[in-house]
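Biologist: I'd like to go through this one with you and ask how you back up the words you use. Can we take it step by step?

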Amino acid sequence: MSDVFPSMPAGTVTGNRGLVVEEPLLFEQGSPGGSGVDLPEPRDLPDALGGFRRTGPIGLPGLSEPQVVRHYTRLSQKNYSIDAGFYPLGSCTMKYNPRLNEKVARLTGLGDLHPFQPVSTVQGALAAMDALAAWLMELTGMAGVAMSPAAGAHGELCGLMTIRAAQEAKGNPRKIILVPESAHGTNPASAALCGYSVVAIPATEDGRVDIAALQEKLSEDVAGIMLTNPNTCGLFERDVRQIAEMVHAAGAFFYMDGANFNALIGRVKIADLGVDAMHINLHKTFSTPHGGGGPGAGPTVLSPALAAFAPLPFVRKSGDAYELVETRAQAGKKAQPFGRMKGFHGQFGVMLRALAYAMSLGADGLRQTSGDAVLNANYLLARLKDVLTAPFEGPCMHEALFDDGFLKDTGVTTLDFAKALIDEGYHPMTMYFPLVVHGALLMEPTESESKQTLDLFVETVRALAAKARAGEADFFHAAPRLTPRRRLDETLAARKPVLRWKPQEN
Ligand SMILES: *Cc1c(COP(=O)(O)O)cnc(C)c1O
């Protein structure tokens, strides 16, 4: 154990393992007076700050520039990313983000814009937003699109607020949003945030919406339904048109959660399904780096019945010029915007990446994307279903769902299995979601992985499944062995985070 930092874990002299470097918090590394810059001695300022003037030191760590650079570089290397390896999360398309998108988003004249610039100086940017809006409307067949929502969940809220405005215009805002059991957690959360009460619809044995149960729940109090398609079991909702008709017959609207658009792009016109509103996660389907929570964008496409209620601001072309409609007065007689979702104009950088992605792939490339994504998921399903257990019959869409049936009586859980995958160099698939199957393992390989990558993953999963069935539960309970940190108490970490660095037993 090193005398320089007595708190470092034992093992090697430094506590490091190979090039995995251990280090204390910056606050523990810093020494008083240390600094990366030479600051002038403070002048004795007149007391303009009054009582706000600091009287003593505030305990910032004194560090040199290389110490700071190394610390943050190492932290960045502890992040797992799609650029570092295979990332088979389900229910959140994590696909390769082409470098071209980044280049376009950083072009001078786009990356350097300021939202307060006069509209006459940002005509190109407005044209780019308008072009992306045209792509999204063309790909979905929808009548309008609200570009400003900043994420999928924000798009859900936008769609629901649009629905509420439309229902209010008809004289009754209604009270209930129906949400199938397999829905992503953001769906009921958005409905509740928008002031609706949420009523769940059960799933059938084969993982789809129970039509009879839906019929029972429909009433004059129902404002709409939120349905994910393909759903979070990775299955296409076969009865989607019938669902739309039933919902419309009850005077309600059909919100489709479009987070899984990667499975449909270029193949299904969303408007043909009877959808009234759907958000598109640009950061998922249209490739923007989004691990770690952002930034994202959730443009929301709207049917003719809802388009007029889309929020401010929006871009409008008049003659050769683009204008930014920012107020109800500017919106004119036909539009009745319900309000505004966001400061300024939405996540412009993400929009640029999406536009670069769409234009570089073209219509045929986007269509191939969904085909390859579905093919890759079915490849995993076909090559794994004899060793894992698949709860539903037949092919899947863009994600392959397994349950923990194959782990029965082994003493190994889905969580243990995922931890063992980390030692093999994989970010685990999504676990325990969707809730409608027991101990779920949900894998979405996306279109951007090679057969070689998938084959190695399949081989790894097959070997681990064999190990579990061979009675090697202890091996799984000790995983992960090779990471900088072993198993953490995740509940305790969330409830009582320890924000100081502490040595841990290894
Ligand atoms: C990711 C996702 C969302 C939420 O999108 P965010 O951009 O994370 O807010 C909603 N529904 C489904 C099915 C998703 O996969």
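Modeller: Sure, and let's start with a term: contact means heavy atoms within 4.5 Å. Keep in mind that this is a predicted model.

Biologist: With that in hand, what does asparagine 262 touch?

Modeller: Leaving out residues up to four places away in sequence, asparagine 262 touches Thr93, Lys95, Thr285, Thr369, Ser370, Ala373, Glu444 and Glu447. Asparagine 262 sits in the loop between E5 and E6.

Biologist: Why is asparagine 262 called buried?

Modeller: Buried means under 20% relative accessible area. Asparagine 262 has 0%, so it counts as buried.

Biologist: And what makes the pair of asparagine 262 and glutamate 447 a polar contact?

Modeller: The cut-off for N or O atoms is 3.5 Å. The side chains of asparagine 262 and glutamate 447 are joined at 2.9 Å, and that fits within it.

Biologist: Asparagine 260 is in that loop too, between strand E5 (253-257) and strand E6 (277-279). Is asparagine 260 buried or exposed?

Modeller: Its relative accessible area is 2%, so asparagine 260 is buried under the 20% limit. Beyond its neighbours within four places in sequence, asparagine 260 is in contact with Thr228, Asn229, Pro230, Asn231, His398 and Glu399. Threonine 228 is 32 residues away along the chain, yet the two C-alpha atoms are separated by 7.6 Å.

Biologist: Pro230 shows up in that list. What is the peptide bond from asparagine 229 to proline 230, cis or trans?

Modeller: That bond is cis, with omega near -5°. Proline 230 is found in the loop between strand E4 (222-228) and helix H8 (240-249). Another cis bond runs from alanine 479 to proline 480, where omega is near 0°.

Biologist: Now the ligand. Which residues come nearest to the ligand?

Modeller: Of the 13 residues around it, Ser91, Gly152, Asp257, His283 and Lys284 come nearest. Sorted by class, that shell has three nonpolar, seven polar and three charged residues.

Biologist: How do you know that aspartate 257 makes a polar contact with the ligand?

Modeller: An N or O atom in the side chain of aspartate 257 is 2.5 Å from a nitrogen atom of the ligand. The limit is 3.5 Å, so the pair qualifies. A backbone N or O atom of glycine 152 also lies 2.8 Å from a ligand oxygen atom. On its own the ligand exposes 380 Å², and the protein buries 87% of that.

Biologist: What is unusual about the phi of serine 91?

Modeller: Serine 91 has a positive phi of about 65° although it is not a glycine. At 10% relative accessible area, serine 91 is buried.

Biologist: Tyrosine 432 has a positive phi as well, about 60°. Why is tyrosine 432 called partly exposed?

Modeller: Partly exposed lies between the 20% and 50% marks. Tyrosine 432 is at 38% relative accessibility, so it falls in that range.

Biologist: Last one: what makes helix H12 (residues 414-423) mostly covered?

Modeller: Eight of the ten residues in H12 are buried, including Phe417, Ala418 and Leu421. The buried residues of H12 pack against strand E11 (430-431), strand E12 (441-443), helix H13 (451-469), helix H14 (473-477) and helix H15 (490-495). After H12 comes glycine 425, with a positive phi near 90°.

Notes
Residues numbered from 1 in each chain as written. Predicted model: local features only at pLDDT ≥ 70, side-chain atom pairs only at ≥ 80, totals over all residues. Heavy atoms only, no water. Near = heavy atom within 4 Å. Polar contact = N/O pair within 3.5 Å; in protein donor to acceptor, adjacent residues only side chain to side chain. Areas by Shrake-Rupley, 256 points an atom, 1.4 Å probe, with all protein chains shown as cover. Nonpolar A, V, L, I, M, F, W, Y, C, P; charged D, E, K, R; others polar. Buried < 20%, exposed > 50% of the residue type's maximum accessible area, 1.4 Å probe, protein only. Helix = DSSP H or I, 4+ residues; strand = E, 2+ residues; numbered from the N terminus.
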